[in-house]
Amino acid sequence: MTIVNPSPRFIKIWVKGQIFSLSLDFLEKCGNVFSINEKNSLIFPQTICAKLNIENKGYVMPKKVLPSESDFEKFGGDMEKYGFRMIEKPEFFRSFQRLGLSNPRKRSGREIGFTFSANGLTTIAWTTFLDTERCARDEDAGWVLISEGDRVKYFSHPLFRTAGFLNKLLKYAIIAKRRVLHRPLCPACNGFMQIVRGKGLKSRYWKCPKHRQVKDFDNGLTGKMKDFLESERKARRHYRENLKKQGRETTPAILTRRPWIATRPQNRI
Ligand SMILES: [Zn+2]
């Protein structure tokens, strides 16, 4: 058992190839009955595992599997086949300089992203793969977003680098491309409808800025795409319910994500 990522409220530990996160409150209740090995990892006794009931319930967070360079190259080829292109260095640096971007997470390395634009909207898939280093960033998650100019209108859930990560990222990217390509027109004025927030944190729908016309955000997706999204929602619901049963809550990524800060917002388009 090895601690991999201490954070103020939770620590993540590996147990038999699975990652679990435990609250520090819980560990205090158990008594600080662990030792530190020569690799600076904390070792917990078997009694804590028994208390956690790990074998029976499992804290369902699958193991991190980082994509290799060849996995990534195959993914890049697939993305190009679907009409995406890699964001190039000069445009990355132009955005960076134009908006005076500063990253609160102080990360180094340029992450590779793929983009597709149509109908005034742009979708970007961020891969966590570093251009110069030719490997995935150690602590990170993939994202797919849709923006209008510099304003992000939609974020996918964070996509964790577990088995099948790039396959999932590809699916989310293709779905976002479909949303952009099939951006609905207002039935009243034929103008483009816009992506607006619904009541839930992650809920979005299409709305005409001039009329009271609205459309479901999944409008225009294929049946297969809707099925995929439904199975993803179901899995997330299941995951949250499991955590709740164990007396733990999840914080939506949207509340903990620390986005890039634009120090020159006047240059936004
Ligand atoms: Zn309208």
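**Helix H5 and its surroundings in a predicted model**

Helix H5 covers residues 165-181, and at 1.5 Å a residue its 17 residues should span 24 Å; the end C-alpha atoms are 24 Å apart, which agrees with that expectation. The coordinates discussed here belong to a predicted model. In the protein as a whole there are seven helices and 16 strands.

The environment of H5 deserves attention. Of its 17 residues, 12 are buried, so the helix is largely enclosed by the rest of the structure. The buried set consists of Phe 165, Leu 166, Leu 169, Leu 170, Tyr 172, Ala 173, Ile 174, Ile 175, Ala 176, Lys 177, Arg 179 and Val 180. For the protein of 269 residues, 17% count as buried. The cover over the buried residues of H5 includes two helices, H3 (69-81) and H6 (223-245), together with the strands S8 (111-118), S9 (121-130) and S11 (143-148).

The nonpolar core can be described in similar terms. The largest such core has 32 residues, and those with the most contacts inside it are Ala 125, Leu 169, Leu 170, Tyr 172, Ala 173 and Ala 176. Two or more residues are given to this core by each of H3, S8, S9, S11 and H5. H5 supplies the largest share, 10 residues. In soluble globular proteins, nonpolar side chains tend to be buried together. Leu 169 illustrates the packing: apart from neighbours within four places in sequence, Leu 169 is in contact with Ala 125, Thr 127, Gly 142 and Leu 159. Across the protein, among contacts between residues at least 6 apart in sequence, 51% join residues at least 24 apart.

Not every position of H5 is buried. Lys 171 lies in this helix, and with 18 other C-beta atoms within 10 Å, Lys 171 is partly exposed, because a residue needs 20 or more to count as buried. The C-alpha atom of Lys 171 is separated by 8.4 Å from that of Met 225, although the two residues are 54 apart along the chain.

Helix H6 is next. H6 has 23 residues and reaches 33 Å from its first C-alpha to its last, close to the 33 Å expected at 1.5 Å a residue. The number of buried residues among these 23 is zero, so H6 lies largely in the open. Yet H6 is among the elements that cover the buried residues of H5.

Two loop residues have notable backbone angles. Asn 119 lies in the loop between S8 and S9, and its phi is near 55°, a positive value in a residue other than glycine. With 14 C-beta neighbours inside 10 Å, Asn 119 counts as partly exposed. Arg 134 lies in the loop between S9 and strand S10 (135-136); Arg 134 also has a positive phi, of about 55°, although it is not a glycine. Arg 134 is exposed, with 12 other C-beta atoms within 10 Å.

Finally, the confidence of the prediction must be considered. The protein averages a pLDDT of 79, and 70% of the residues score at least 70. Over residues 35-43 the pLDDT is below 50, and this stretch has nine contacts in the model beyond near neighbours in sequence. Residues 53-61 also have a pLDDT below 50, with 11 contacts beyond near neighbours in sequence. Where pLDDT is low, the predicted coordinates should not be read in detail.

Notes. Residues are numbered from 1 along each chain as its sequence is written. This is a predicted model: local features need pLDDT of at least 70, side-chain atom pairs count only at pLDDT 80 or more; totals for chains, interfaces and linings use all residues. Helices (H or I, at least four residues) and strands (E, at least two) are DSSP runs, numbered from the N terminus. The expected span of a helix is 1.5 Å times one less than its number of residues. Two residues are in contact if their C-beta atoms, placed from the backbone, lie within 7 Å. A nonpolar core is a set of buried Ala, Val, Leu, Ile, Met, Phe, Trp, Tyr and Cys residues joined through C-beta atoms within 7 Å. pLDDT is the predictor's confidence in each residue, from 0 to 100.
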